[in-house]
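Please look over the sequence and the model together before reading on. The paragraphs below go from the core outward to the charged pairs.

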Amino acid sequence: MQVLMKPELELLCMELPCWASLIKSSLNEIQCEISLPKNGGDTHANISLTIFLQSRRLAAMETKGKQKRWPIFCPERHINPDGDFCLGVYNKIPTVEDSITAQTWWQILNDYLKLQFLADRIGRWPIKNAYPHGDGGDLQESIEEKIFQSSLGGELEYTNLRASGMLGLKQRTKLLSKHGDLLINGRQACIFIEQCGCKKKQKN
């Protein structure tokens, strides 16, 4: 008997990539075995993921009850308190409505998992991919766009935005990159170092 699934999950199953195998499905979630290829032709260690709907957006996490490779919760590794993955800036993650958006979602998951495997080796989240979590990423992106478009130059635009309260920053330290076009993420050491194995000190 065919198992009924929510349309978004059904579309994901129709566009299942070669590195994912469907293990189990139900109305609200699917379970997949992931075998992500490396650049050299080998594959990363297999992981079991559960993909489910969360406020009309698809979310993914390591399957409960299975041996876990990554921390249950770690802001540094972009894993949310409930265990689901912070896949990126919200407005960049499409609502799955057709085959194209389903393929895009799988690619976003692929990119995220590659970063997790890289973080396993280097002990921290790769710096260039370290946008703030959730809505904070949307805000940073909009501010950087304003800085980029400003004819006044990054330093002055940053000063104006900060004075207006848009940045929500209280620190006196400058948070612009050396080229003045990007906001620097004020990263702190991971608070779960012993459980996660993250490096104690982060670099901006």
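**From the core to the salt bridges**

In this predicted model, the largest nonpolar core has 33 residues, and those with the most contacts inside it are Ile34, Ile51, Phe85, Trp105, Trp106, Leu109 and Leu113. Two or more residues are given to this core by each of α1 (7–14), β2 (29–34), β3 (47–54), β4 (57–62) and α2 (99–122), and the largest share, 10 residues, comes from α2. In soluble globular proteins, nonpolar side chains tend to be buried together.

Leu113 gives a view of this core from one residue. Leaving aside its neighbours within four places in sequence, Leu113 is in contact with Trp19, Ile34, Leu36, Ile47, Leu49, Trp70 and Phe85; of these partners, Ile34 and Phe85 are also among the residues with the most contacts inside the core.

Leu16 offers another place to look, in the loop between α1 and β1 (20–25). With a relative accessible area of 29%, Leu16 is partly exposed, since a residue counts as buried only under 20%. Once its neighbours within four places in sequence are set aside, Leu16 is in contact with Ser21, Leu22, Cys32 and Trp106. The last of these partners is distant in sequence, for Leu16 and Trp106 are 90 residues apart along the chain, yet their C-alpha atoms are 7.9 Å apart in space.

The chain as a whole gives the setting for these details. Its secondary structure comes to five helices and four strands, which run α-β-β-β-β-α-α-α-α from the N terminus on. Of the 204 residues in the chain, 41% are buried, and the accessible surface comes to about 12,300 Å², with 52% of that area belonging to carbon and sulfur atoms. Among contacts with a separation of 6 or more, 45% are between residues 24 or more positions apart.

Side chains of opposite charge can pair when their charged atoms come close. How many salt bridges does the chain hold? The count comes to three, and one of them joins the side chains of Arg56 and Glu8, at 3.7 Å from N to O. Arg56 lies in the loop between β3 and β4 while Glu8 belongs to helix α1, so this pair ties together parts that are 48 residues apart in sequence. The two partners differ in their surroundings, as Arg56 is exposed, with a relative accessible area of 52%, whereas Glu8 is buried, with a relative accessible area of 9%.

Asp120 takes part in a network of salt bridges that links it with Arg69 and Arg77. Between Arg69 and Asp120 the closest N and O atoms are 2.8 Å apart, and the pair links distant parts of the chain, with Arg69 in the loop between β4 and α2 and Asp120 in helix α2, 51 residues apart. The side chains of Asp120 and Arg77 meet at 2.6 Å, N to O; because Arg77 lies in the loop between β4 and α2 and Asp120 in helix α2, this pair ties together parts that are 43 residues apart in sequence. Within the network, Arg77 counts as buried, at 3% relative accessibility, while Arg69 is partly exposed, with a relative accessible area of 40%, and Asp120 is likewise partly exposed, at 29% relative accessibility.

Note on methods
Residues are numbered from 1 along each chain as its sequence is written. This is a predicted model: local features need pLDDT of at least 70, side-chain atom pairs count only at pLDDT 80 or more; totals for chains, interfaces and linings use all residues. Side-chain values use heavy atoms; hydrogens and water are left out. A nonpolar core is a set of buried Ala, Val, Leu, Ile, Met, Phe, Trp, Tyr and Cys residues joined through side-chain atoms within 4.5 Å. Buried means under 20% relative accessible area, exposed over 50%, partly exposed in between (1.4 Å probe, protein chains only). Contact means heavy atoms within 4.5 Å. Accessible areas come from the Shrake-Rupley method with a 1.4 Å probe; for residues, only the protein chains shown count as cover. A salt bridge is a side-chain nitrogen of Lys or Arg within 4 Å of a carboxyl oxygen of Asp or Glu.
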